[in-house]
Amino acid sequence: MGSIRTKSLFIVIIALVMLTAACGGKSAEEQLLEEIMENSGEDIGDVDISLDEEGENFSINVQGEDGEDISISGSGDDETFEMTVEGEDGEVMTFGGGEVPGDLTVPYPPGGDVTGTFSSETDVTVALMYPRNEFDSLVSFYDDALKSGSDDVERTESSFSSEEGDQRSVFWFSSNGDFQVSVTDCYGLEGELDSACVSIFETK
């Protein structure tokens, strides 16, 4: 039962970190701390926060009622901010940067910005962002790398039109469920439809 509660609390914290990343105004650590206290209910026990003298790095440790232990760390400013959440069972999720986990075996093209990662004992997920004009080359890369059209890989694509232009999506799925990859037109950090996003999910 404790393990289930730990994973539930980890998911709650992840959702709150995502909410904080989308909000402006207060500092990230202040906003996140408020969200944790207001939304985590009885699952929360002790919460400790530390901030460095420059105010650019912080860490929050959340103790659950059943002894769960989750650590959150953040660094940077509003333009280049990164937050990492670590669960006691080895789960690690990073927002706003970081490195591609070393246990990812699905290839990815060079030159992309890492926008988020998740790694656990069972799977790994990576999100990368590229300039939108690289969409076609990204699709070609994965058609070749994943042997699109073979019996082992299913490929689907879709698109729809909006006032800002066509938004395209291409997906690759392995027949045995080992991986899923997508390339989509997406909104960049400035809120413009000017990027191509790659999402990779892989089981271990």
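This is a short tour of a predicted model, one selection at a time.

**Stop 1: the disulfide**

Start by selecting Cys 186 and Cys 197, and show their side chains. These two residues form a disulfide, with their sulfur atoms 2.0 Å apart. The pair links distant parts of the chain: Cys 186 belongs to strand 10 (residues 179-186), Cys 197 belongs to strand 11 (residues 195-203), and they are 11 residues apart. Look along the S-S bond next: the angle about it is 80 degrees, and the link is right-handed. Are these cysteines buried or exposed? Both Cys 186 and Cys 197 are buried. You can stop hunting for others here, as a search of the whole structure finds one disulfide.

**Stop 2: the hairpins**

Now colour strand 8 (residues 153-162) and strand 9. They run antiparallel and are joined by 10 bridges. To see one pairing up close, pick Ser 161, whose bridge partner in strand 9 is Asp 166. The two strands make a hairpin, and two residues sit between them.

Keep strand 9 in view and add strand 10. This pair is antiparallel too, with five bridges. Select Val 170 and you will find Val 183 of strand 10 standing opposite. Strand 9 and strand 10 also form a hairpin, this time with four residues between them. In that turn, click on Gly 177, which has a positive phi of about 80 degrees.

**Stop 3: the nonpolar cores**

Select Tyr 142 and Trp 172 next. Within the largest nonpolar core, which has 22 residues, these are the residues with the most contacts. Which elements give two or more residues to this core? They are strand 7 (123-131), helix 3 (135-145), strand 9 (165-174), strand 10 and strand 11.

Then move to Phe 58, Ile 60, Ile 72 and Phe 118. They are among the 10 residues of another core, which lies apart from the largest one.

**Stop 4: Ser 119**

For the last stop, select Ser 119 in strand 6 (residues 113-119). Why does Ser 119 count as buried? Its relative accessible area is 15%, and buried means under 20%, so Ser 119 qualifies. Show the side chain of Lys 204 as well: a polar contact of 3.2 Å joins it to the side chain of Ser 119. Leaving out residues up to four places away in sequence, Ser 119 touches Gly 90, Glu 91, Val 92, Pro 101, Asp 103, Val 124 and Lys 204. Select that group to see what surrounds the serine.

Definitions and conventions: Residues are numbered from 1 along each chain as its sequence is written. This is a predicted model: local features need pLDDT of at least 70, side-chain atom pairs count only at pLDDT 80 or more; totals for chains, interfaces and linings use all residues. Side-chain values use heavy atoms; hydrogens and water are left out. A disulfide is a pair of cysteine sulfur atoms within 2.5 Å. Buried means under 20% relative accessible area, exposed over 50%, partly exposed in between (1.4 Å probe, protein chains only). A nonpolar core is a set of buried Ala, Val, Leu, Ile, Met, Phe, Trp, Tyr and Cys residues joined through side-chain atoms within 4.5 Å. A polar contact is a pair of N or O atoms within 3.5 Å; within protein, one must be able to donate a hydrogen and the other to accept it, and residues adjacent in sequence count only if both atoms are side-chain atoms. Contact means heavy atoms within 4.5 Å. Two strands pair if DSSP finds at least two bridges between them.
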